[in-house]
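Let's take a friendly walk through this model, strand by strand and helix by helix. Have the viewer open as you read.

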Amino acid sequence: MLVSEAMNRAVVTVAPDDLVHVAAALARATGAEHLLVVDEGTLVGILCACDLRAADPGERVSERMTVPVVTVRPDTSLEEVAETIEECGIGCVPVAVGGLLLGTVGNDELTRNGMAAPHPHRHCHHHGGSRRGDGGVPA
């Protein structure tokens, strides 16, 4: 199965200059586990729920987002995405073509399509969150 057939199309975005408490409120309101950080239409980072939990509410998103972001194309197989998620220790992979965000694929989408979900992403469950530039696992 291809990513285009399984991806979550409900992309939730924030800006790098947004405050963490605003991003956390958006995540709660939408139920999103991952927020894509977009600056002038370009994907520049990603935040997961653990990044938000470990942050000071007054911090900027840019101080907590994980970079660089691993992305896949919509014609990528779900098997390849599962391998990427496992190998990189991440929880979600944005789907993009030429800078246009189309959706995301994470453990929920893999499980829903009959695939075993990889282990929890390590930067959340082993390092307590990743900050920009602190050697965190790219997302």
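Strands E4 and E5 run antiparallel and are joined by six bridges. Keep in mind that this is a predicted model. One position to look up in this pair is Cys92, which stands opposite Gly106 in E5. The two strands make a hairpin with two residues between them, and Gly98 in that turn has a positive phi of about 55°. How many of the six residues of E4 are buried? Five of them are, so E4 is largely enclosed by the rest of the structure.

Next comes helix H5, which spans residues 78-88. Its buried residues are Leu78, Val81, Ala82, Thr84 and Ile85. Viewed down the axis of H5, these buried residues fall within an arc of 160°, so they line one face of the helix. The general rule behind such patterns is that an α-helix has 3.6 residues a turn, so residues three or four places apart point the same way. And what covers the buried residues of H5? The cover includes both hairpin strands, E4 (92-97) and E5 (100-106), together with helix H1 (3-6) and helix H6 (107-112). After H5 comes Gly89, whose phi is positive, near 65°.

There is also an open sheet of three strands, in the order E1-E2-E3 and with mixed pairing. Strand E1 (13-14) and strand E3 (42-48) stand at its edges with a single partner strand each, so one side of each has no neighbour in the sheet. Strand E2 (residues 34-39) pairs with E3 in the antiparallel sense over six bridges. Within that pairing, Leu35 has Leu47 in E3 as its bridge partner.

Now for the charged side chains. The count of salt bridges comes to three, and they are listed here with the distance between the closest N and O atoms.

| Acidic residue | Basic residue | Closest N and O atoms |
|---|---|---|
| Glu59 | Arg64 | 3.5 Å |
| Asp75 | Arg73 | 3.4 Å |
| Glu109 | Arg112 | 3.2 Å |

The surroundings of these residues are worth a look too. Glu59 and Arg64 are both buried. Arg73 counts as partly exposed, because its relative accessibility is 46%. Is Glu109 buried or exposed? Glu109 is buried, with a relative accessible area of 8%, whereas its partner Arg112 is exposed at 58%. Glu109 and Arg112 lie three residues apart in helix H6, which means that about one helical turn separates them.

Conventions. Residues numbered from 1 in each chain as written. Predicted model: local features only at pLDDT ≥ 70, side-chain atom pairs only at ≥ 80, totals over all residues. Heavy atoms only, no water. Buried < 20%, exposed > 50% of the residue type's maximum accessible area, 1.4 Å probe, protein only. Helix = DSSP H or I, 4+ residues; strand = E, 2+ residues; numbered from the N terminus. Arc of directions from axis to C-beta. Contact = heavy atoms within 4.5 Å. Pairing = 2+ DSSP bridges. Salt bridge = Lys/Arg side-chain N within 4 Å of Asp/Glu carboxyl O.
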